[in-house]
Amino acid sequence: MKTIELQNPSPSQQIAAKRARRIETAPESFRKLLTQAMCGKCSPRTAIKAQCAECNGFDRQAISDCTNHSCPLWHFRPYQDKGHA
């Protein structure tokens, strides 16, 4: 007997599919970070790093130079120079 695929996936299946697509499109060097953050198996600091990376196109220099001062994570973004605030 063949398994029939669901034509109407559940909300949790839709979320899992969207997360998988986002991870697949990320650069290889950031995939583990995104996977950990999306699974909730990381520290808040790692989750912030993943968010900033995705927001800035996975460009470390762009994260460091971010000018979106209205972002609630701006003060916590990674890759800042020491003493830079």
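The protein chain comprises four helices and zero strands. In this predicted model, the elements are arranged from the N terminus in the order α-α-α-α. Of the 85 residues in the protein chain, 20% are buried. Among contacts with a separation of 6 or more, 29% are accounted for by residues 24 or more positions apart.

Helix 2 spans residues 28-39 and thus contains 12 residues. The distance from its first C-alpha to its last is 17 Å, close to the 16 Å expected at 1.5 Å a residue. Within this helix, F30, L33, L34 and M38 are buried. These residues lie on the same side of helix 2, because the arc that they cover around the axis is only 125 degrees. An α-helix has 3.6 residues a turn, so residues three or four places apart point the same way. The buried residues of helix 2 pack against three other elements, namely helix 1 (11-25), helix 3 (44-55) and helix 4 (60-64). On the face turned away from the buried side, helix 2 carries the exposed residues E28, K32 and C39. Helix 2 is followed by G40, which has a positive phi, near 75 degrees.

A second region of interest involves the segment after helix 4, in which R77 is found. R77 is buried yet forms no salt bridge. The nearest side chain of opposite charge is that of D65, at a distance of 6.9 Å, whereas the cut-off for a salt bridge is 4 Å. Backbone oxygens are nevertheless found within reach of the R77 side chain. A polar atom of this side chain lies 3.0 Å from the backbone oxygen of I63, and the side chain of R77 also reaches the backbone oxygen of S64, at 3.2 Å.

The segment containing R77 is also linked by contacts to R45, a residue of helix 3. When residues up to four places away in sequence are not counted, R45 touches F76, R77 and P78. R45 and F76 are separated by 31 residues in sequence, but their C-alpha atoms are 8.0 Å apart in space. In contrast to the buried R77, R45 counts as partly exposed because its relative accessibility is 45%, a value that falls between the 20% and 50% limits.

Conventions
Residues are numbered from 1 along each chain as its sequence is written. This is a predicted model: local features need pLDDT of at least 70, side-chain atom pairs count only at pLDDT 80 or more; totals for chains, interfaces and linings use all residues. Side-chain values use heavy atoms; hydrogens and water are left out. Helices (H or I, at least four residues) and strands (E, at least two) are DSSP runs, numbered from the N terminus. The expected span of a helix is 1.5 Å times one less than its number of residues. Buried means under 20% relative accessible area, exposed over 50%, partly exposed in between (1.4 Å probe, protein chains only). The arc is that of the directions from the helix axis to the C-beta atoms. Contact means heavy atoms within 4.5 Å. Lys and Arg count as positive and Asp and Glu as negative; His and the chain ends are not counted. A polar contact is a pair of N or O atoms within 3.5 Å; within protein, one must be able to donate a hydrogen and the other to accept it, and residues adjacent in sequence count only if both atoms are side-chain atoms.
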